[in-house]
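Got the model open in your viewer? Let's walk through it one selection at a time.

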Amino acid sequence: MSRRRFAAPVLLALALTAVTAALFDGARLHAQARPTAPVPAQPVLVPDPPHVCGSCAEWNGPRQPFKLYGNTYFVGPAGLSSLLITSPQGHILVDTGLEQSAALIDANIRALGFKTTDVKLILTSHGHFDHVGGVHALARYTKAEVVGSPQTARALAIGAPTPDDPQAPPTPPPGVDYFPAFEGVRGVKDGETVRVGPLSVTAHHVPGHTPGATTWTWQSCEGSRCLNMVYADSLSTVASDGFRFTGGNGRPSIVESFRASITKFGALPCDIMVSTHPQASNMDEKLKKRAALKPGDADPFIDPGACKALAATSMKGLEERVKVEQGKK
Ligand SMILES: [Zn+2]
């Protein structure tokens, strides 16, 4: 076979290979450009702009999430409480911290091995930016129903403390107390129980720190041992300049109802109590003690006197405030 006779078929074969490859690539590109089925978009938490305040960075510091007891977990940042109560039929989240806490709470829930999108109810303590700032982002992400007292529902609807709140700014916006508004919070009555699957959590109205303050109670079990869990709303007398708990400036006294709230709180069945700011229930000390536990030691988080102790401190704080307002101190 001469060189020329050999070259012609080889060139033809090479040309055919190139054409086939080009056609195949074209078909592949065509297939890639036209996906056969749309891929469903995964929901993503879209945070609201961060809140700016003197304590915000410290409050929103990182914190390792941990089990409090049974199916109850702490998922909040360093200085703001957020609890997750879990069940195979969905979870309940209690409080959401600041706007910038929402992403951290989401990450903490996932770090524990749960899905944030399995949260079916978000419960609220009171309508201040440091406890409900993350409601809007977390509710939008999870599609969970948001629940609180009717007064907290009103605060969330306007994205600010209601005008009868001791911390309502004397002159309306703009103010540091504002947070993302959220319409459609389900208002619950005092003593009402809310449910998700086997979970049931009861609301206790404790007006004083805010008109809509709500403490939540439920039981968590490990084996046959069930404990009374309490998420204690704030009972402190923080107020805007000029506000008087004893009344005045066209407002009635709220001292008696505040005292009644504190007494009611102190009488709750209480084995493990967490306050809205974890420092108020010495959470870091308890964690340190728990880390150093020896076999047979009692869990420092189990303290049946915790609610009574917080009630006593809160009552002292209220009576001191009353004396100051009455000019006796
Ligand atoms: Zn507050």
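Start by selecting Asp-95, which counts as buried because 29 other C-beta atoms lie within 10 Å. (Buried means 20 or more other C-beta atoms within 10 Å of a residue's own, exposed means 12 or fewer, and partly exposed is in between; the C-beta atoms are placed from the backbone.) Asp-95 is in the loop between β4 (91-94) and α3. Check its backbone too: phi is positive, about 70°, although Asp-95 is not a glycine.

Before moving on, two notes on what you're looking at. This is a predicted model, so local features need pLDDT of at least 70 and side-chain atom pairs count only at pLDDT 80 or more, while totals for chains, interfaces and linings use all residues. Residues are numbered from 1 along each chain as its sequence is written. As for the element names, helices (H or I, at least four residues) and strands (E, at least two) are DSSP runs, numbered from the N terminus.

**Next: β4 and its partners**

Select β4. Which of its residues are buried on the two sides? His-91 and Leu-93 are buried on one side, and Ile-92 and Val-94 are buried on the other, so both faces are covered.

Now add β3 (residues 83-85), which pairs with β4 in the antiparallel sense over three bridges. (Two strands pair if DSSP finds at least two bridges between them.) Leu-83 stands opposite Val-94 here. Five residues separate the two strands in this hairpin, and Gly-90 takes a positive phi near 125° in it.

Then bring in β5 (119-123). Four bridges join β4 to β5, and these strands run parallel. Pick Ile-92 and you'll find Leu-121 as its bridge partner in β5. Together, β4, α3 and β5 make a right-handed β-α-β unit. (Right-handed means that, with the strands pointing away from the viewer, the path from the first strand over the helix to the second runs clockwise.)

**Stop at the helix in that unit**

Select Asn-108, found in helix α3 (residues 101-111). Is Asn-108 buried or exposed? Asn-108 counts as buried because it has 24 C-beta neighbours inside 10 Å. Leaving aside neighbours within four places in sequence, Asn-108 is in contact with Pro-65 and Val-75. (Contact means that the C-beta atoms of two residues, placed from the backbone, lie within 7 Å.) Draw a distance from Asn-108 to Pro-65: they are 43 residues apart in sequence but 5.6 Å apart in space, C-alpha to C-alpha.

**Zoom out to the sheet**

Show the strands together. Seven of them form an open sheet in the order β1-β2-β3-β4-β5-β6-β7, with mixed pairing. β1 (66-69) and β7 stand at the edges with a single partner strand each, so one side of each has no neighbour in the sheet.

Work toward the β7 edge. β5 and β6 pair in the parallel sense over three bridges; Ile-122 stands opposite Val-146, and Leu-123 stands opposite Val-147. From β6, two bridges lead on to β7 (residues 186-187), again with the strands running parallel. Val-147 stands opposite Arg-186 there.

**Now the helices by β6**

Select α5 (135-142). This helix lies across β4, β5 and β6, running at about 160° to β5. (Axes are lines fitted to C-alpha atoms, for helices over the stretch in contact, and angles run from 0 to 180 degrees between N-to-C directions.) Seven of the eight residues in α5 are buried, including Val-135, Leu-138 and Tyr-141. Among the elements covering them are β4, α3, β5 and α6.

Step just past α5 to Lys-143, in the loop before β6 (145-148). Lys-143 has a positive phi near 65° without being a glycine. Lys-143 counts as exposed because it has 10 C-beta neighbours inside 10 Å.

Move on to α6 (150-158). Its buried residues include Gln-151, Arg-154 and Leu-156, and their cover includes α4, α5 and β10 (214-222). Gly-159 follows α6 with a positive phi, near 70°.

**Last stop: the core**

Finish with the largest nonpolar core, which has 70 residues. (Such a core is a set of buried Ala, Val, Leu, Ile, Met, Phe, Trp, Tyr and Cys residues joined through C-beta atoms within 7 Å.) Leu-83, Ile-92, Ile-122, Leu-138, Met-273 and Cys-307 touch the most other members. Select Cys-307 and look beyond its neighbours within four places in sequence: its contacts include Val-230, Phe-265, Leu-268 and Met-273.
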